[in-house]
Amino acid sequence: MASTIMDVAEAQKTQTIPPGVRRFLADTLYVLGPVVVCLVIWQLIAKLSGLPKVIFPSLGDIFGALWTMVVEGTLYSDVKATLGRLMYSVIVGSVVGTIIGALMGSFRSWERALVGPINFLLAVPGTALFPLTMIWFGLSEAAILSILMYEVALTVTVNTWTGVKSVDLSLIRAGRAFGARGPMLFLRVLLPAALPSIITGYRLGLSRAWRILIIAEMLVSASAGLGYRLYWARELFQTDVVYAGLLVVGITGLVLERVILRTLERYTVQRWGTVRELD
Amino acid sequence: MGELRVDRISKNYVVNRGFNSSTGLQVFRDISFVLEEGEFVSLIGQSGCGKTTVLNIIAGLDRPNSGAIYVDGKRVTEPGLDRGVVFQEFALFPWLTVAANIGFGLKSAGVPKPERMRRVAHYVELVGLSRFIDYYPNRLSGGMRQRVGLGRAFAIEPAVLLMDEPLGALDSQTRETMQIALAEIWMRTRKTVLFVTHDIREAVYLSDRVLVLSGRPSEVVLDLAIELPRPRDRHSPEFQELELTLERKIGQNRMQ
């Protein structure tokens, strides 16, 4: 069935280049093309506009700064510190959020008790809690991590809760009819059925935590971290390091999103066909 | 094993009519019937007559306001693996393969894995999906999905199979193919089946007996034995006569 459709599609392509190679070349071109164009424009502005180096450094300066960071080892220690904080709080926050969300989606009493507080907390941006956590924990790791965990847990809670609540009733009935009840009904039917929504929660939680984390590292100056590096580069007027740092922040965020979360999604939700990838 | 006894079940709904005012709506009253072991019985009637509710009550997914259900003499009030349900909307688990969907009830029953796999393979073969055992439901056509639904219900080897318009969501051609497939599967297993449908032809083609549910509140207005040899010919005069009898009975009650 599916294979016959592909056969027809392949037969229609009479080009000499194999379709797999063609697709790969096209993909590469679409990804790299805009990047190269941006870099060229950047370099032209840096060289021709006459803007001072401290505002608009050339690509050579930026990549030079990046190379220095690599050689001195600060790049490694910064990325490691930032990712360590991120992973720790995303994991703790996700576990807490999944449990609370699951309880809210499964039991009316939990839902009724928590819906008010959750709605209030949703109206308070996580970053607004910084003064409070600084009073509680001082300028410490705990001040950063507590806010990240809070933000992730809240996001994951809401997504898990709505996900579990909106599971198709016919699936629940089928699960019950075929002998699943109580915790088993939850594990074998509600949880997998709600997984698309729960994974969306993890993705959202991670990207929110990522944003907050960079700010947090600027406010609560720890000893290492990408936000910390950006902040101190500005203090020292090292504009090239600021740009290099931003580049690293962007690339790290991209890798997190595309590699880790897309892979998770591909192996679960997409294979079941509950979420569709655009052609 | 496989006798189903429905004993004087009634169902009412409370309809809210705005503030502090509600009226009761009686869907059906004192419905009783018995399915003997190995019998294929259809329950037909117009939409809204409560036939699906009767099936849900027997499945334990809904509760009657009065009356009781007995499977092999034992009263049942909750869902259980002594009854296998086939749903109109298939209700397959999209995160499980064909094999795991069919094995779902066996897993609930705690059947150990080697035995489970053996039985799953048998029932996958019975419903004609051997080539698709590792597929996820989203890659199957409507007819194949309902074959999975049938396999899931047959695999637990229940005393009674309950089918709620199982072919109702299929196009007319697939539907006819599936009627033939279902008749064959039933001939091979000889299970007790309660089959809810609104399609008279389908009921006559498949059943040993047809119960007509009609009126408001509904009751069983006709209990018609279909004694045609199988496999049945839809175009034979006897077949068409039975169709006409049922059509008249349903139509007659519509007038009242």
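How far apart do the C-alpha centres of domain 1 and domain 2 of chain B lie? In this predicted model, the two centres are 25 Å apart. Let's look at how these domains meet, and then at the cores and at chain A.

**The two domains of chain B**

The domain assignment splits chain B into domain 1 (4-82 + 160-252) and domain 2 (96-157). Their contact draws on 13 residues from domain 1 of chain B and 15 residues from domain 2 of chain B. The table gathers the values for this interface.

| Feature of the interface between domain 1 and domain 2 of chain B | Value |
|---|---|
| Area buried between the domains | about 1300 Å² |
| Part of that area on carbon and sulfur atoms | 76% |
| Salt bridges found by the rule | 1 salt bridge |
| Polar contacts (both residues at pLDDT 80 or more) | 2 residue pairs |

On the domain 1 side, strand 7 (160-164) and helix 6 (172-189) of chain B are the elements that give two or more residues to the surface touching domain 2 of chain B. Helix 6 of chain B gives the most, with 7 residues. Three residues are worth finding in your viewer: L81(B), M178(B) and I185(B) together supply 42% of the area that domain 1 of chain B buries against domain 2 of chain B, more than any other three residues.

For a charged pair, turn to E125(B) and R188(B), which form a salt bridge whose closest N and O atoms are 3.4 Å apart.

**The nonpolar cores**

The largest nonpolar core holds 99 residues, and F33(B), V54(B), I58(B), I102(B), L150(B) and M163(B) have the most contacts inside it. Its largest share, 7 residues, comes from helix 9 (residues 182-219) of chain A. Why can this core be said to lie between domain 1 and domain 2 of chain B? Both domain 1 (4-82 + 160-252) and domain 2 (96-157) give residues to this core, so it lies between them.

I102(B) is a handy place to zoom in. Beyond its neighbours within four places in sequence, I102(B) is in contact with V120(B), Y123(B), V124(B), V127(B), V148(B), G151(B), R152(B) and A155(B). There is also a second, separate core of 32 residues, with V79(A), L86(A), A143(A) and I212(A) among them.

**Chain A**

Chain A has 11 helices and 0 strands. Of its 279 residues, 38% are buried. Among the contacts in chain A with a separation of 6 or more, 68% join residues 24 or more positions apart.

Definitions and conventions: Residues numbered from 1 in each chain as written. Chains lettered and ligands numbered in written order. Predicted model: local features only at pLDDT ≥ 70, side-chain atom pairs only at ≥ 80, totals over all residues. Heavy atoms only, no water. Core = buried A, V, L, I, M, F, W, Y, C linked by side-chain atoms within 4.5 Å. Buried < 20%, exposed > 50% of the residue type's maximum accessible area, 1.4 Å probe, protein only. Helix = DSSP H or I, 4+ residues; strand = E, 2+ residues; numbered from the N terminus. Domains from an automatic or database assignment. Contact = heavy atoms within 4.5 Å. Buried area = accessible area lost by both parts, 1.4 Å probe. Salt bridge = Lys/Arg side-chain N within 4 Å of Asp/Glu carboxyl O. Polar contact = N/O pair within 3.5 Å; in protein donor to acceptor, adjacent residues only side chain to side chain.
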